[in-house]
Amino acid sequence: MKVKLLVLANSRKTGGRCLAGIRTDTLEWVRPVTAGNHNEMPTHTCLDSVTNRQIQPLDLIEIEITESVPLKYQRENWLYGPTPLRVLQHYKIEVVYPKLISKVEKQPWFLKDGKTRISPLDFRTYKTNAPSLSLLEVASAEIFHNQRGSRRISFKGGGNTWDLPFTDDLYAGPDGKVGRCLLTLSIGEEWHRDSDPADHGWHYKLVAALILLPEELAPDSSKPAADSLLAICGRLFGFVPKVSENRNQIGRFSTAGWFYQDLVRVNCELCGNPDLLVFRKHFKKYAKEMHYWGIVCGSCKTASDSKVFNKKFVAKINELIEAKTEVATVCTECISNSKNF
Ligand SMILES: [Zn+2]
Ligand SMILES: [Zn+2]
């Protein structure tokens, strides 16, 4: 099938290029791969078929992807069809940033442990395939060359300070400090150090792209948080729902940390239409991981918490939606908690 991909990385890797981006129809990450040794994209395939230049981050491309081929350590991989890539347009970050906000993570799961690499043995113990791509916004970063001449980047993220390989060879800036930027983080293929044949390989964490953010995109604290229920609903569905002032629901739905779970065909208790959009927010109570409810009717455009409804109604919604899209597979807090893999 042909899809449109907003490219968020085209970086060097062993044997070719690592191309990755977000599908504009589903907002899912896609890493196109060929069936080569390292799943790389040959360098010549990452050229725009019209201009013959390498595809850049923030290019919108049309690409044929044929089959999802997830790996334990790279679940976003898709086999890439034979049609040459074509750049439809290049975006300025100011234009696409509002659409990307829901994909920007504060704490990618693989930045929580402070280690620069992951053992392949760890991946085998995970129950599901882990996300291997993440978009992280940082206040600053520093690009430098280490003693071996490798380009590296340091930044703060996930509660740790990082010094990781910087594989974005299309980034034209010099070494030195940069201000606010988006980093495309990726987990690499298993890589063996030649100097140590006895050692098993490792999956290294790396920064595959750097996109500078203009200062005027800095968050405005007087507005609802970008990942509030109200803001996400506006971006995804084009309306900001009405909210009753009872139990400070407006306040709660304006806070950060919400995400959209899925749609359920259950009749709205207010208008009777079967069009309920379910939003959730992770929280912890008595060491138990739980999720708040934000139930939005797509017809009468009203948002409410679960207390408005009787327990049976909420239990029914819960049963239907968990059968469709388990909350633990879309909640970044749950995903970050590696016991869920
Ligand atoms: Zn309704
Ligand atoms: Zn959760």
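The following legends describe close-up views of a predicted model. Local features are restricted to pLDDT of at least 70 and side-chain atom pairs to pLDDT 80 or more, whereas totals for chains, interfaces and linings use all residues. Residues are numbered from 1 along each chain as its sequence is written, and chains are lettered from A and ligands numbered from 1 in the order in which they are written.

**View 1. Domain arrangement of the chain.** The domain assignment, which is of automatic or database origin, gives domain 1 (2-91), domain 2 (95-217) and domain 3 (229-336). The C-alpha centres of domain 1 and domain 3 are 33 Å apart.

**View 2. The largest nonpolar core and a separate second core.** A nonpolar core is a set of buried Ala, Val, Leu, Ile, Met, Phe, Trp, Tyr and Cys residues joined through C-beta atoms within 7 Å. A residue is buried if 20 or more other C-beta atoms lie within 10 Å of its own, exposed if 12 or fewer, and partly exposed in between, with C-beta atoms placed from the backbone. The largest core has 42 residues, of which Val7, Leu8, Leu19, Ala20, Leu183 and Val207 touch the most other members. Strand 15 (residues 202-212) supplies the largest share of this core, six residues. Domain 1 and domain 2 each contribute at least three residues to this core. Another core, of 18 residues, lies apart from it and includes Leu229, Ile232, Phe253 and Ala303.

**View 3. Helix 3 and its packing partners.** Helices (H or I, at least four residues) and strands (E, at least two) are DSSP runs, numbered from the N terminus. Within helix 3 (residues 229-237), the buried residues are Leu229, Leu230, Ala231, Ile232 and Cys233. They pack against helix 4 (249-254) and strands including strand 17 (258-264) and strand 18 (276-285); contact requires C-beta atoms, placed from the backbone, within 7 Å. Glycine 238, just after helix 3, has a positive phi of about 80°.

**View 4. Arginine 23 in strand 2 (residues 16-23).** Arginine 23 counts as partly exposed because it has 16 C-beta neighbours inside 10 Å. Residues up to four places away in sequence aside, arginine 23 touches Val3, Leu5, Glu28 and Val30. Leucine 5 is 18 residues from arginine 23 in sequence, yet their C-alpha atoms are 4.5 Å apart.

**View 5. An open antiparallel sheet of four strands.** The strand order is 12-11-10-13, where pairing requires at least two DSSP bridges between two strands. Strand 12 (160-165) and strand 13 (176-178) are at the edges, each with a single partner strand, so one side of each has no neighbour in the sheet. Strand 10 (residues 141-145) pairs with strand 13 over three bridges, and alanine 141 has valine 178 as its bridge partner.

Definitions and conventions
Two residues are in contact if their C-beta atoms, placed from the backbone, lie within 7 Å.
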